[in-house]
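Here are some quick notes to read alongside the model. Have a look at the structure first, then go through the points.

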Amino acid sequence: MARAQESGELRADFRGSDFPMIARMLCAVSKRRTDGDPQLWRRYAMLVLDGLSTRSTAPLPLQPGPPVAAGA
């Protein structure tokens, strides 16, 4: 994460504590299988990744939440 931020590829305001929630969101989509397409999660993964890049200049509205415990 630090290397991606230092190289200018990852938003400076992304925090490690953001990752577990993003992973949960993508897992929820993959379990849902909307429209019967088991690969639909890939669309949302790309949308999330695009939002994490430095090309996205909109500031995040809130501070990151507390860390999520593994398996929670």
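The points below start with the whole chain and then turn to one helix.

1. Keep in mind that this is a predicted model. The fold is helical: the protein has three helices and zero strands, so in sequence order the pattern reads α-α-α.

2. How much of the protein is buried? Of its 72 residues, 14% count as buried. The accessible surface adds up to about 5800 Å², and carbon and sulfur atoms supply 60% of that area.

3. On contacts, take the pairs of residues at least 6 apart in sequence: 60% of these contacts link residues at least 24 apart.

4. Now for helix α3, residues 41-52. Its 12 residues should span 16 Å at 1.5 Å a residue, and the C-alpha atoms at its ends lie 17 Å apart, so the two agree.

5. Which residues of α3 are buried? They are Ala45, Val48 and Leu52. These three cover an arc of only 65° around the axis, which means they sit on the same side of α3. The general rule behind this kind of spacing is that an α-helix has 3.6 residues a turn, so residues three or four places apart point the same way.

6. Turn α3 around and you get the opposite picture: Arg43 and Met46, on the other side of the helix, are exposed.

7. What covers the buried residues of α3? The cover includes α2, residues 19-32. When you look at Ala45, Val48 and Leu52 in the viewer, show α2 as well, since it is part of what covers them.

Key
Residues numbered from 1 in each chain as written. Predicted model: local features only at pLDDT ≥ 70, side-chain atom pairs only at ≥ 80, totals over all residues. Heavy atoms only, no water. Helix = DSSP H or I, 4+ residues; strand = E, 2+ residues; numbered from the N terminus. Buried < 20%, exposed > 50% of the residue type's maximum accessible area, 1.4 Å probe, protein only. Contact = heavy atoms within 4.5 Å. Areas by Shrake-Rupley, 256 points an atom, 1.4 Å probe, with all protein chains shown as cover. Expected span 1.5 Å × (residues − 1). Arc of directions from axis to C-beta.
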